[in-house]
Amino acid sequence: MSVSKAEIFVESGCLYVVTLQSADDSFAFMEETNDEAVIVRLNVSAISSSGDTPQLEKIVETCKEVMGCELREYRFPSQEFDKIREEAGDNFSPPSDDEVKASFVLTEKGNRSLAGRIKKSHGLLVADLNKKGVAEVDFDIESARGALEEAGIVSSEFMVTCGRNGQQIARAPEAELIEKMSQAGVKCVCGKPIARERLEEALTITDMGGGLLDKSRWLSIVVMEELKNLGVKANEILVESTIGGDELDCIANVSGELCLFELKDKEFSLREAYSFGAKMSIVSPRHAVIVTSEYVGGDAKDHFERSRKAGRSARMRRRDPGAPVVYIEGVDAIRSKLNEFVSSIHRSDAGRILIGAMPFAAVLPASLLRVLEGSGSTSSNESVSSSRRRAVRRRQPAKVPPQQGGTAAPGPVPS
């Protein structure tokens with residue numbers, strides 16, 4: 001369907017594009033030919049550098065009133081993503097609110113390091129926190145402990161150690177329970193009342209904390225939540241899926257483009273690059289993204305660049321220039337880099353939307369300058385001057401079917 005009419009409105013640094021698409025050129029003569037209905041499609045798109053679209057709802061309601069049709073959100077489909085989802089299924093259990101909160105606590109390197117040590121030790125004595133090898137770290141242990149306990153990643157227990165053989169003989173969540181056990185006649189293996197043995201507080205990993213650390217589930221949850229915050233729906237994200245024996249960390253449909261993510265809670269080396277390259281060959285994503293809590297080795301980057309250049313001639317025949325691998329190094333960069341990556345896709349969508357609309361709308365120069373400057377607000381009445389505006393006001397309710405769709409770039413689109 002080609003664009004038959006269009007309007008562009010400017011308001012507070014946002015562009016709102018309204019287009020009518022029709023498969024029948026007779027739409028241009030609807031005032032003269034009222035004997036049969038012509039199916040058209042009404043699209044309302046919002047383009048913003050901040051993600052805020054304050055006038056979108058008002059414009060949608062106005063279109064509904066004038067055109068006499070309902071609009072619904074339109075999501076760009078991806079047949080490749082749907083095929084993978086059908087083949088691999090969705091075996092990732094959705095995280096609870098507590099797991100999401102705890103995952104973001106683990107984005108702090110100090111918190112993650114302490115949690116890993118506690119999990120590995122199967123119980124770290126509080127008295128050992130300040131010992132050599134534990135205290136000589138570049139983060140505040142007490143702050144990390146408090147954050148982990150508050151998030152439910154670790155908990156404190158009291159351990160009873162036999163004074164004769166040095167073996168742990170019992171654990172309890174509270175010291176008072178040990179005293180009650182002793183009063184009830186419980187004794188150590190050496191024969192002493194259990195309350196007379198050495199009692200020490202220890203930190204242990206919780207079931208939730210252990211589950212988040214296993215296979216770096218916390219990192220998968222963080223990436224998934226950040227993608228959702230950028231407009232990607234939960235049903236457009238697959239985490240920890242398997243195809244032909246190959247485990248895919250994360251696959252997403254971002255505005256109709258298939259994206260493959262590799263997630264590593266360590267340095268991404270050349271060894272991982274070979275494995276990820278094989279997955280790329282199987283999935284053939286439009287975009288490949290590596291997210292690592294550390295960094296991507298130079299030899300791994302060289303490998304991907306050589307592979308891209310080697311396949312350039314084949315892509316040229318398909319008129320596909322190919323996209324370089326996107327590197328997100330360090331947990332602190334996940335939010336900003338994912339925002340930049342998703343926005344690059346939305347920017348392309350915005351460009352295509354404007355290409356279809358610009359021939360029909362003459363935007364006032366002052367309005368465009370206000371958008372570039374990002375200052376002041378412009379009323380919708382003064383934002384566009386177009387001889388096509390009258391077409392939107394024609395009597396349409398009886399001629400426009402109810403199955404109308406709206407297109408929008410759901411995430412921020414930097415100008």
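Buried means under 20% relative accessible area, exposed means over 50%, and partly exposed lies in between, with a 1.4 Å probe and protein chains only. At 9% relative accessibility, K279 counts as buried. The model is predicted: local features need pLDDT of at least 70, side-chain atom pairs count only at pLDDT 80 or more, and totals for chains, interfaces and linings use all residues. Residues are numbered from 1 along each chain as its sequence is written, and side-chain values use heavy atoms, with hydrogens and water left out.

K279 sits in helix α9 (residues 270-283). Helices (H or I, at least four residues) and strands (E, at least two) are DSSP runs, numbered from the N terminus. Contact means heavy atoms within 4.5 Å. With neighbours within four places in sequence set aside, K279 is in contact with E247, L248, L260 and E262.

The protein chain contains 15 helices and 16 strands. Of its 415 residues, 44% are buried. Among contacts in the chain with a separation of 6 or more, 69% are between residues 24 or more positions apart. The chain exposes about 21,900 Å². Carbon and sulfur atoms supply 48% of that area. Accessible areas come from the Shrake-Rupley method with a 1.4 Å probe; for residues, only the protein chains shown count as cover.

Helix α3 spans residues 97-105. Its buried residues are E99, V100, A102, S103 and V105. They pack against four helices: α4 (109-121), α5 (141-151), α7 (207-213) and α8 (217-229).

Helix α3 is also tied to α8 by a charged pair. R217 forms a salt bridge with E99, and the closest N and O atoms are 3.4 Å apart. This pair links distant parts of the chain, with R217 in helix α8 and E99 in helix α3, 118 residues apart. A salt bridge is a side-chain nitrogen of Lys or Arg within 4 Å of a carboxyl oxygen of Asp or Glu. R217 is buried, with a relative accessible area of 11%. E99 is buried as well, at 15% relative accessibility.

The structure holds 20 salt bridges. One of them joins R171 and E157, whose closest N and O atoms are 3.6 Å apart. Here too the pair links distant parts of the chain: R171 lies in strand β7 (residues 168-172) and E157 in strand β6 (residues 154-161), 14 residues apart. R171 counts as partly exposed at 39% relative accessibility. E157 counts as partly exposed at 21%. Salt bridges that share partners also join E73, R75, K233 and E236 into one network.

A further salt bridge lies within helix α2 (residues 79-88). The side chains of R85 and D82 meet there at 3.1 Å, N to O. R85 and D82 are three residues apart in the helix, so about one helical turn separates them. R85 is partly exposed, with a relative accessible area of 30%. D82 is partly exposed at 35% relative accessibility.

Negative charge also gathers on the surface, in a patch formed by E267, E294, D299 and D302. Patches are made of residues with over 30% relative accessible area and no salt bridge; like charges are joined within 9 Å, and nonpolar side chains (Val, Leu, Ile, Met, Phe, Trp, Tyr) within 5 Å. Lys and Arg count as positive and Asp and Glu as negative, while His and the chain ends are not counted. The place of a charge is taken as NZ of Lys, CZ of Arg, CG of Asp or CD of Glu. Within the patch, D299 belongs to helix α10 (residues 298-310). D299 is partly exposed, with a relative accessible area of 41%.

Two serines have backbone angles of note. Phi of S255 is near 55°, a positive value in a residue other than glycine. S255 occupies the loop between β10 (246-254) and β11 (257-264). With a relative accessible area of 16%, S255 is buried. Phi of S284 is likewise near 55°, again positive in a residue other than glycine. S284 falls in the loop between α9 and β12 (287-292). At 52% relative accessibility, S284 counts as exposed.
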